[in-house]
Amino acid sequence: SRIRGAQFDLDDQPVLLEPNDGPHHLHGGPDGVSHRVWDLAASSANDDGGRVVLAVRSPEGDGGHPGAVDATATYELHGHHLRITYEATVTAPTAL
């Protein structure tokens, strides 16, 4: 998502981020997780589809964000239905 002006307030303190969309911060910055190769964390297949879990780590300070983020994206195919689930854990309060 886009963070206007490449900054947000956290606990009444401004957090300055790296701008990469004019003056704004888009999708984690110039080297955000949307530009990285994610690791294959798990996969399985069954008769009507399968499941793939991708994982990525964003270290503390990445793009100016406080705290590290460990994120996963799970893709599950059941017949003609695709379900995508995103999860993340953080080491400090931050914007996701």
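The side chains of D21 and R2 meet in a salt bridge, with an N to O distance of 2.4 Å. D21 belongs to the loop between β3 (13-16) and β4, while R2 belongs to strand β1, so this pair ties together parts of the chain that are 19 residues apart in sequence. The two partners are covered to unlike degrees: D21, at 23% relative accessibility, counts as partly exposed, whereas R2, at 52%, counts as exposed. The model described here is a predicted one, and the values below are to be read with that in mind.

## Salt bridges and the network around R36

The count of salt bridges in this model comes to 5, and among them are the contact of D21 with R2 and two contacts made by R36, one with D31 and one with D62. The side chains of R36 and D31 meet at 3.7 Å, N to O, and D31, with a relative accessibility of 46%, counts as partly exposed. For R36 and D62, the closest N and O atoms are 2.6 Å apart. This latter pair links distant parts of the chain, since R36 is placed in the loop between β4 and β5 and D62 in the loop between β6 and β7, at a separation of 26 residues. Taken together, D31, R36 and D62 are linked in a network of salt bridges.

D62 has a relative accessibility of 14% and therefore counts as buried, the limit for that class being under 20%. Its side chain also takes part in a polar contact of 2.7 Å with the side chain of S58. S58 is found in strand β6 and, at 14% relative accessibility, counts as buried. D62 is thus a residue at which a salt bridge with R36 and a polar contact with S58 come together.

The three salt bridges described above are set out here with their distances.

| Salt bridge | Distance, N to O |
|---|---|
| D21 and R2 | 2.4 Å |
| R36 and D31 | 3.7 Å |
| R36 and D62 | 2.6 Å |

## The four-stranded sheet

Strand β6, which holds S58, is part of an open sheet of 4 strands in the order β5-β6-β7-β8, with antiparallel pairing. The edge strands are β5 (39-46) and β8, each of which pairs on one side only, and the twist from one strand to the next averages 10°. Strands of a sheet pair through backbone hydrogen bonds, either parallel or antiparallel.

On one side of the sheet, β5 and strand β6 (residues 49-58) pair in the antiparallel sense over 7 bridges, and within this part of the sheet D39 stands opposite A55 in β6. On the other side, strand β7 (residues 69-78) and β8 pair in the antiparallel sense over 10 bridges, and here A73 stands opposite Y86 in β8. The hairpin of β7 and β8 has 2 residues between the strands, and in this hairpin G79 takes a positive phi near 65°.

## A nonpolar patch on strand β8

Y86, the residue opposite A73, also contributes to the surface: together with L77, L82 and I84 it makes a nonpolar surface patch of about 410 Å². Strand β8 (residues 81-90) gives the most to this patch, with 3 residues. I84 is placed in β8 and, with a relative accessibility of 38%, counts as partly exposed; a residue can belong to such a patch when its relative accessible area is over 30% and it has no salt bridge.

## Positive phi values outside glycine

Two residues other than glycine have positive phi values in loops, and they can be set side by side. A6 has a phi near 55° and is placed in the loop between β1 (2-3) and β2 (7-10). H27 has a phi near 50° and is found in the loop between β4 (25-26) and β5. As for their surroundings, A6 is buried, with a relative accessible area of 5%, whereas H27 is partly exposed, with a relative accessible area of 43%. The loop that holds H27, between β4 and β5, is also the place of R36, the residue that forms salt bridges with D31 and with D62.

How values were computed: Residues numbered from 1 in each chain as written. Predicted model: local features only at pLDDT ≥ 70, side-chain atom pairs only at ≥ 80, totals over all residues. Heavy atoms only, no water. Patch = residues over 30% accessible without salt bridge, like charges linked within 9 Å, V, L, I, M, F, W, Y side chains within 5 Å. Areas by Shrake-Rupley, 256 points an atom, 1.4 Å probe, with all protein chains shown as cover. Salt bridge = Lys/Arg side-chain N within 4 Å of Asp/Glu carboxyl O. Buried < 20%, exposed > 50% of the residue type's maximum accessible area, 1.4 Å probe, protein only. Pairing = 2+ DSSP bridges. Axes fitted to C-alpha atoms, helices over the stretch in contact; angles between N-to-C directions. Polar contact = N/O pair within 3.5 Å; in protein donor to acceptor, adjacent residues only side chain to side chain.
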